[in-house]
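Reader: I've got a model open and want to learn how to read its features. Can you walk me through it?

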Amino acid sequence: PSVPRHTNRLINEKSPYLLQHAHNPVDWYPWGQEAFDKAKTENKLIFLSVGYSTCHWCHVMEEESFKSKEIGEIMNEHFVCIKVDREERPDVDKVYMTFVQATSGGGGWPMSVWLTPDLKPFAGGTYFPPEDGVHRVGFRTVLLRIAEQWKENKDALLESSQRILEALRHTSEIRVQGQESPPPAKEVMDTCFQQLSRSYDEDYGGFSKSPKFPTPVNLNFLFTYWALHQTTPEGARALQMALHTLKMMAHGGIHDHIGQGFHRYSTDQHWHVPHFEKMLYDQGQLAAMYSRAFQISGDEFFADVVRDILLYVSRDLSDQAGGFYSAEDADSYPTTTSREKREGAFCVWAAKELRALLSDPVEGATEGTTLGDVFMHHYGVEEAGNVDPVKDPYQELKGKNVLIVRCPPELTAAQFGLEPGQLSALLQECQQRLSSARAQRPRPHLDTKMLAAWNGLMISGFAQAGAALAEQGYVSRAAQAAAFLRTHLFDPDSGRLLRSCYQGKHNLVEQSAVPIQGFLEDYVFVIQALFDLYEASLEQGWLEWALHLQHMQDKLFWDPKGFAYFSTEASDPSLLLRLKDDQDGAEPTPNSIAVTNLLRAACYSGHMDWVEKAGKILAAFSERLQKIPITLPEMVRATAVFHHTLKQIIICGDPQGEDTKEMLHCVHSVFSPNKVLMVADGDNTGFLYRQLPFLASLERKDGKATAYICSNFTCSLPVTSVQELRGMLS
C-alpha cells in the first residue's frame, strides 16, 4: 500500500470508524478537551460529524467530501472538525440528533452539525453531496455560507443557539406529572395491540410496507400479549402476527441463507432486498425471539433459525478472548482486483455463477435436473437477476440475485420428483459449496469494537437459546462472554462498567488511553444478560454481580425529582442535555428494560424499594404509554409484568440430580413472561440464601426435587410432578 499523504489525530484512536478517517486531509479531532479548547482559543465554529463504521452513506460522504483536498482546506480554515463514532459515544450522538430531528424533521447518519465554540448547535443535517444540485445545496456551499455567517452575524448566531438549547431542554424533558401513578396494564396493552394490529402486513408480516425492520420489541410484546390472553381471539392473532413475521423474515433475503445471521433491514415489503450490514444487537435479540417462538410453538423450524444465528455469531463476530464484535459492513469489493466497493457484493449471486458451481446431475430427480436447477428454483434465482431496479438506484445489484425462499420445500421437491428428506440434503450440499465459493471473495469490513451493551444483548441471546433448546454449549458461550465483560469492561476498583474495548495488535484486547465510562444502556443490557445467564446456568456469581450493577445504576443515573433514569451521568460538562430516551427502536430504550430488571432484582434480593422504582419509571412515561404505546412496546410489556407481579419459581433440589434437571427442563420449555427462576440447593451459606432467608423454610417433599411457585415471597403448596408444574406454568 502507498504511504498516506495525510495523517490526522484520529490515528491515535481505537475505534475502527475513527481510524477509517485517520488519513483524510481534514484535520479531524476526536471528541474531547483539545478540540474544545482550540475552538475557544481561535474563536472558531465546530463542525461535528457523527457516524459509524458500517454506515453506507458515511462511506459515501467520506469518499466525496472528506477525502477531497479542496473541501478539506475549507473545513480546516474555518472550523475545528470533530469526528464521533456514535456507537462509542451514544450520549453525544443523542444530544445532537435531538437537535437535528427537531429542526429538520428527520435524522440519520452521517450526522453533520455546526456548533458554537461552547458546543451549542445552530445548524445541522445528515448527508450532504459535495456540490450543489438541482434539489440540494452542496456541502462546500454550506461550509462557506456558515463561515460567512459567523464572520458577519456572530452575535445573532450565538443568541439563536442559546434559544435553540432552551427549547430542546424544555421539549425533551420526561418527568412524572404531579401524583401520577403507573398506567393501567389492560388499557395500555390493548391499545398497543390494536395499534400494532392496524400497522401489520397480513401478507408478509412486519409492521410497515417498506423499508421493513425486524423490530424485536414488537415481537416480544406480542408474545407477552398472547401469554396473558391465550384463550381469546386477540391472543391468537397476536401469536399469529409474531410467528408469521418471524417465518417470513427467515425465508427472506434479510436472512443470509449461505453465511447465516440477519442483515439490518429490508428495503422492500417482501423482506427480499436488504441493507446488507449485520449488527450484533440484531443477532442477540433475534436469537431470543426465535427461541421464544420455539418454546411457544414447538416448531423445529424456529430452533433451526436460532442455531443459524448463533453459528454466524460464534464464527464471524467472536473474539478469541470471549467478547463479541459490533458489526459487519454492507459494502465490499466484488473481486480481489476491484477498485470500488459495492453494497451486498459479498452476498449476491449471478445465475451463471450458480450454474457453474452446482452443475452436478441429481440422482432420482426428473431427467436432466442439476443441483443448480433445484437450488435456483427454491431460492427464486432469475437469469437476469431478481432485484427490482427501483430497489437498486445505483445499479450495484444489476444482474445479481438475492436468495429468498420462494417455495415451500414440498413444492420444490414435487417439482423435481424428489422426496422432502432428499431435498433437504441437496440444499445443504449446495449451501456448503456456495459458502466455500463465497469464502474466496473479499470480506466486508469487520468492526472489532466490543461494546458492553451489545455484548449484553448477545449474552441474553445465547443464554435464552441454551435454556429453551437445552443446548449447554450455548450457555457456556454466554458465560464465557460474561467473564470477558468482567475482565475487560468492568473496573473492580470503582465498581463501574466501561463502554467499549477493541481488538488490538496481535489480536489482543485493548482499551482507550482514557476509557469511556458505561452509559445507562450498558448497565441495563448487562444486568438483563446476567439474570438470563443465572436462570440458564444457576451460577449465583452472575446474580451477585447483577445486583451490584443495579445498585451502581441507581447511583449514577436515577432522577430523584422527575423519576426514571437519565441515559448519561451528571459528571460530563461537555454534554449540554441529560436525556431520557422515549422510544423503543432497533434496541429497546434502556428505561423499558430497567423496569423488568428492577422487578427481577427485587425477586432475587427481597429489596422491595426496587419494585417502587419500577413503578416510578412507568409513572414518568405514563402519558406516552397511554397515548402512543406503539412507540414503547417493551415498556408496555413491562407494565403488564409490573401489574401481574412476577412469580418466583423455586426448585428445591440438587442441581445435578436428574429429578431437578427434569423440573428445570420443564420450566425452560414453557414461555412465561412473568416468572423468575431460582434453585434452592440447601446451601444456607450461599448468596441466594443470604439474600432470601425464607428459602431455608422450603423443603423437598419425599426426598424428591420439589417446586414452589411464590408471589411476593408467599409460596404455593409443593409440587413434585413435572406434569403438574407444567400446568401451573402455562
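Author: Sure, let's start with one annotated stretch. Over residues 7-168, the chain is 49% helix and 17% strand, and the C-alpha atoms at its two ends are 37 Å apart. Helices here are DSSP runs of H or I with at least four residues, strands are E runs of at least two, and both are numbered from the N terminus. Residues are numbered from 1 along each chain as its sequence is written, and this is a predicted model, where local features need pLDDT of at least 70, side-chain atom pairs count only at pLDDT 80 or more, and totals for chains, interfaces and linings use all residues. Side-chain values use heavy atoms, with hydrogens and water left out.

Reader: Which feature does UniProt place at residues 7-168?

Author: An unreviewed UniProt entry puts "domain: Spermatogenesis-associated protein 20-like TRX" there. UniProt positions follow the numbering used here, feature names are shortened, and annotations may be inferred rather than shown by experiment.

Reader: And what does the domain assignment give for the protein chain?

Author: Such bounds come from an automatic or database domain assignment. Here they are domain 1 (10-172), domain 2 (347-440) and domain 3 (648-729). The C-alpha centres of domain 2 and domain 3 lie 50 Å apart.

Reader: On to cysteines: how many disulfides does the structure hold?

Author: A disulfide is a pair of cysteine sulfur atoms within 2.5 Å. The structure holds two. One joins Cys-55 to Cys-58, with S to S 2.3 Å; the other links Cys-710 and Cys-715 at 2.0 Å. Number the bonded cysteines in sequence order and the pairing reads 1-2, 3-4.

Reader: Why is the disulfide of Cys-710 and Cys-715 called right-handed?

Author: Look at the torsion about its S-S bond: it is about 95°, so the disulfide is right-handed. The link of Cys-55 and Cys-58 is right-handed too, with 80° about the S-S bond.

Reader: Is Cys-715 buried or partly exposed?

Author: Buried means under 20% relative accessible area, exposed over 50%, and partly exposed in between (1.4 Å probe, protein chains only). Cys-715 has 29%, so it is partly exposed. Its partner Cys-710 has 1%, which means buried. Cys-55 and Cys-58 are both buried.

Reader: Why does Cys-407 have no bond to Cys-430?

Author: The Cys-407 sulfur is 15 Å from the closest cysteine sulfur, the one in Cys-430, so that is too far for a bond. Cys-407 is buried because its relative accessible area is 16%.

Reader: What about Cys-666?

Author: For Cys-666, the closest cysteine sulfur is in Cys-652, 16 Å away, so again too far for a bond. Cys-666 is buried, with a relative accessible area of 1%.
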